Every structure is written in C-alpha cells, then in structure tokens.
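Trainee: Please pick one part of this model and go through it closely. I would like to know what it is made of and what lies around it.

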Number of protein chains: 2
Amino acid sequence: MSPRRVTLADVARTAGVSPTTASLVLSGRGRELRISQDVEQRVLKAAAELQYRPNIVSVGLRTGTTRTIGFISDTVATSRLAGDMIKGALEAARERGFMLFIGETEGDAELERLLLQAMHDRQVDGIILAAMFTRTIRVPKGVTVTPAVLLNALPKQPSPLPSVIPDEVEAGRAAARALLDAGHREGIYLIGAGPGRRNVPAGGSVAAVERLVGIREVLADAGVKPAGGRVCRDWQPEHGLAATRELLKKERPRALICFNDRLALGAYQALDDFGLKVPADVSVVAFDDHPIASWMRPRLTTVALPHYELGRKAVDVLFTQIGRDREDDGGEGEVHRVPMPIRLRESIAPPAA
Amino acid sequence: MSPRRVTLADVARTAGVSPTTASLVLSGRGRELRISQDVEQRVLKAAAELQYRPNIVSVGLRTGTTRTIGFISDTVATSRLAGDMIKGALEAARERGFMLFIGETEGDAELERLLLQAMHDRQVDGIILAAMFTRTIRVPKGVTVTPAVLLNALPKQPSPLPSVIPDEVEAGRAAARALLDAGHREGIYLIGAGPGRRNVPAGGSVAAVERLVGIREVLADAGVKPAGGRVCRDWQPEHGLAATRELLKKERPRALICFNDRLALGAYQALDDFGLKVPADVSVVAFDDHPIASWMRPRLTTVALPHYELGRKAVDVLFTQIGRDREDDGGEGEVHRVPMPIRLRESIAPPAA
DNA sequence: TCGCACTGCTAATCCGATTTAGCAAACCTG
DNA sequence: CAGGTTTGCTAAATCGGATTAGCAGTGCGA
C-alpha cells in the first residue's frame, strides 16, 4: 500500500484546526458558518499541499450519496451500438463527477435481479436500464426505490419511470422524404417490414412499427403508395439478400427502403446478382448507420441511431430525477425522443427517366 | 426512498443478540469464535426473514475492500471488440461478486489521471488498464498503489504490472499454416504489412510485428517465402482495396494473408474488380474475426482476437494480484498470452492446378 | 471453598467523513 | 459592570458494519 491516503483529519491537523472546521471550509459552508478568512485560507492551503481528496466511500456512508450510477443493459457486447450508448452515458456522468457501474443481464431476469441488488448494496444514486434494441421491457420491481431511467426501451406495463428512445417515427419520415426529394414516386419497396401497417416481424420491435408509421405517413402525404414490401423475420444480411432476390424475381423496383443497414447489405448483393446498379438503377436508403454503412460501395444513405446521444440524454434525465424530491412519483414517466439524423451518402439518385 | 434498508442492527435485534454476534455469525466466524448452534440459527433465520444484505459501502469503509474493480480503456465505443473484452471482464468479476467501474480515456493522459483518482477515491480493489488495439502503453504513475493489470497492452517502460495480450505470433503461425495445409506454396502475398520483418506500419502496432513474425516463421520452416507484401498505413477497407489493386496490376497472387478483416474486405472488392474469385482463384485468410468476416461472401477464414477471453483472463490475473500479499512487487510483470483461435470458413481452397 | 480455565457472548472502538449541538471569548448594551 | 448577543470554533454523534478486548457464568481441581 502507498503511504496511506490523506484524510480530513490530516488536513485539520496541519492547518491547526478541528476536523469539523476543515470539513466546513472544504464543503464551502465555511462562509455561511462564520469561519474566519484566516482559518479558511489555512485549511485550503493545507488541503492543497497534502493533495487531499475526500474518500467517497466514507462520504457515501455518511450522506448516502456515492456519486455513482448503475448502467444495466441486456447486452453490452453484441454490437458497437451499445458501446456508443455507454460512451455517451459515461461522458455525461463524468462531467458531473459521477462514475458508472456497468452490468449485463443477457435477458436473464434472475441475473438482472442480482445486478440490481449488487448496485443497491453499493448505494448507487440512480440506475439506467438499457436495452440494446429498442423495445418494451418489463420493469423489474425494486427499481423504483432509486431514481431510474429506461434507455432505448419503453415500460411494458404502466410505470412512473421516464424513457429515452430514438425518434423512430421521424426517422421513417426522413428516409421516405429522402427518396421523395430525389424524385422517386413509383417502385418504392420496403425490405424488412411493410408495406401494410400490420406487416411487422414478430417480437415487438419498436423500430419496425414506428419506422413503418413514419414512412407510410410521408408517402401518403405525397400521394405515393409503397409498391410492395417484404417482412423479414430477422434483420440480418442473409434475410435482406433472400427477400430482395425474391422481390427481383417478379418486380423491378426503383428504390428500396431497407429497415436496417444489414438488410441493405444483403440487398446490395441481390441487386448485384441481378446486374442492377446502386443508385443508377435502384436507390437504397436504410436505418441505423451501422459502421458497415460507410464501408459499403456505394456508401449507404441511412438514418442514424443516435446511440451516443441516447446515452447522454439518459444521464441527463436521470439527474433531473435525482434532483427531484421524489414527491411527484405518481403518473406515467415522460418519454424523451432523441432525433435520428439522416446521413446522406451515395446510394440515392433520381430515378432513371 | 423505500422503507429503509435492513441493517445488521435490525437482524441482531430480531434475533435477540448483539450486533457483534450477528456480524460474527454472518461472516462465518461464529463457529470459530464459539457461538452456540442455537444463537447461530436464530441469527441466520432473522437475516433470511428480513432479507438482510450487508451495505457494501459500510464494509468498504471499515475493511477497505469494496468488491469493485476499475476498468479503464482508451476507447470503449470504437468497435465491438472492446465490448467483448468488457463483457469477459464483467462476467469474471460477477462470478466473484465484484462489480466493474468503467472509464474511457480517449488517449488523454489528463483524463486518465482523473479517472484513476476517481476510482481510488472510491477505493477500488484493483484496476484493469485496457487498450483497444494491442500496443505498448506508458503506465501512469499512481497505478501501482493498487493491484493492477494491463489488458491488451504491454508496458512501454519496465514495470511490475502483469499484462494480458493475445498470442499474435501464434496467430500468425495459424494463418500461414492454414494456407500451407490447403497446399499453397507459391504466390502468397501479405496485405497490411511485410513481406520483410521490418515492413510494418508506423505506430508500434504489436499485431503487425507479431503476426508477421509468426507468418514468416511458419513459411520459412516449410521452405516457402512470401511472394510479396504491402504495408498499409492504416488497416481500413479502402487501404486493403488500394493495396490489392496495386498488387493485381503487376502480379497474380494465389493467396492473400490480410492483416485484418477490414483489409480483407477491401481485398475482396479489388479481386472482384479484376474478375478473380475467392477462393477458387485466390485464397484469403485474415485476422480479428470482426463481425463482417462472417457477412462477407464467401465467408472469411480468420484468426480470431479472443476479446472475451482476454477480459476474463485480465480479471483472473488481477485477482491473483489482489490475493498476493504484495511483498514480491519487485521484478517485471508476467505476460499472459491468450490463444487466438482460427475460424475456418470458406475463403481458402487448394491452389488451382 | 478458592482460584483458574473455558465457554459464550457483548461493549467499545474504528473506518473517514458530515452534521448537530454547544462552548468560550469578545463585544455590546443599558 | 452584569447580562445578553455575536463570533468563531470544536466535541460528539452518526452512518453500518468489522474487530478487539473483555466480561459474566460454569465447571473443575486442589
């Protein structure tokens, strides 16, 4: 062990005052409690010289606040997306002098319970419950004893917890608008879900439902109707490949709205198989802004999931919860929607004449 | 706030004993200190009924151990790779009842200092210093006051800290062996580094150096010499594309060893441009097992970076450090090498006759 | 019957801060 | 100059456990 941490008592001793006085000065309440300028200076000087830093564990025991928040997600590692959420949360927390505990449940309710316990045992000041893919989740009981926020998730049952989610409806609108802006009116097909409002994959994906709503709304407003669509059970490249191949056997699309970038990757392959060029023959727009989107040739225009911003926002919302005097815990939690910016790249062109 | 946490005093009261006795029983030292069976049972029963859980903050203050470890990396979010490392560390820690603080320095030494401070202030029991890309790092002073481990990194200056890194040399051997096993002897080109021992990109990438060593060793042992190689300044798809195009203008390779999967993605594109088929015309093997490796067509054979295992191993090593009585802190830190498994997929075939 | 060892438990202290209650000295005030 | 107020600081309690020192009560031998 190093030469032992410097404690408040050490500071008090070198300043020649009592620990009480030292504490008062260092917590900024010295003026208020009539500590003289002289003593104040001595304490400050001693603290600086000794490089005193309060022991947060001790403060935590006494005051109950540990300047720590718990971040529990269903999956951290599956994609870089979660990493960005964590990063956003991390930075927002750090700016306030807070640290993050992280935990991963892998969808296991028992593990979730254990993690929540472990965090409560460490007296976290608040908890962020994050989902990798936007979806509704069952809010575990025992979360509400502490300020908490749902991140990228909505409560399955009514709950007072606030949520932070991407604005998927607006994202759908943006994708559709991008095609309309390029002049597309016909031959617009959807890959992954649609064309009907109900044509969504099972599993309660919020993204599928809301993106579809936004797309249909903008198209309808422009008097355009999607020429067709394929629901994909899962949104992996192979499904995009299969669905697009299927489509190309019978139809000749002018534009594809793929429900995520991985589907679009498969769609590119299928288009290539049929000798169709992106974007000259077929325009493609997708969602997520996964790293592959900028590796694909031509680079894919896509509506980005703002993971970093979601993480930051969750911390912001959590802090307003912490700040609040938790009287008003009745009612439904607010839902905060974070904008999804469109990344215009090379996969959209005006329809060939 | 919930109905207040149950404390040891509560347990003692309902069991009708002193807090001391309750503490003794619950810490398992009851037998040793001659607490009667009867009392022991009463305490246990009371604890179970009240669902008592010790307040770790309090224990931390008294004993100095918080069942918490700090995980500081240069980048969390840039790739899913870090996510897997964190996941491995997370699970290994959880199995021992430990939680993880995470922090991200983004290469900023000042931020690193602040994070280390923040973690020390919270009395972490140990620290993992992780790098995203295997490399040598300057060990910040002040780390050694606590048990610590370098993850995916080697100390730049001599240091007593142990390191956990992927076994890149063996990975290089495995990649070369895979080609030899398929019957390749000629026209083997390296993309990203090589062919000479010194032909590595600037920046001190451990991966470049060690993979190259392993590749050259196995090839040399088989009496084979690489037909050529291209150093790529950065290992992104566009560099792989450019380097491979350059190569194909003059040469007709039979096999490519790409120094990572993203280079291989570019190489695939270049090969396609020249009308060459993988693996019929050219076999390709790479490193990392990035998610794209299994999305590429044909699916890429690659030597996997064992991020998950690296994370686990770092925690294991850290615990032996924590367990140790830190007398023997002289000498160099041990280096633990984690095997990199090869993922055989579809991108290697015997050379055409 | 006294002293001693042992058994079984508890009182008191400590970890490092915050916070409440209060005390001595200086200063007024009439 | 006694009595009250202010000023400026400190003692002591507290948070929730772990740990050390020690205290009754019993049994046993001399």
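Mentor: I will take the sheet of chain A, follow one residue of its edge, and end with a contrasting residue in chain B.

This is a predicted model, in which local features need pLDDT of at least 70 and side-chain atom pairs pLDDT 80 or more, while totals for chains, interfaces and linings use all residues. Residues are numbered from 1 along each chain as its sequence is written, chains are lettered from A and ligands numbered from 1 in the order written, and side-chain values use heavy atoms, without hydrogens or water.

Chain A as a whole is divided into domain 1 (8–54), domain 2 (63–165 + 307–337) and domain 3 (168–305); such bounds come from an automatic or database assignment. Between domain 1 and domain 2 of chain A, the C-alpha centres are 37 Å apart.

Now the sheet. In chain A, six strands form an open sheet in the order E7-E6-E8-E9-E10-E12, and their pairing is mixed. Strands here are DSSP runs (E, at least two residues; helices are H or I, at least four), numbered from the N terminus, and two strands pair if DSSP finds at least two bridges between them. E7 (228–231) and E12 (342–343) of chain A are the edges; each has a single partner strand, so one side of each has no neighbour in the sheet.

Within the sheet, E8 (255–258) and E9 (283–288) of chain A run parallel and are joined by three bridges. Opposite Leu256(A) stands Val284(A), a residue of E9(A).

At the edge, look at Ile342(A), which belongs to E12 of chain A. Its relative accessible area is 29%, so Ile342(A) is partly exposed; buried means under 20%, exposed over 50%, and partly exposed in between (1.4 Å probe, protein chains only). What does Ile342(A) touch, apart from neighbours within four places in sequence? Its contacts (heavy atoms within 4.5 Å) are Ala174(A), Ala178(A), Thr301(A), Thr302(A) and Val303(A). Leu305(A) is 37 residues away along the chain, and the C-alpha atoms of Ile342(A) and Leu305(A) are 9.2 Å apart.

For contrast, take Asp10(B), in helix H1 (residues 8–15) of chain B. Asp10(B) counts as buried, because its relative accessibility is 11%. Leaving out residues up to four places away in sequence, Asp10(B) touches Arg4(B), Arg5(B) and Leu50(B).
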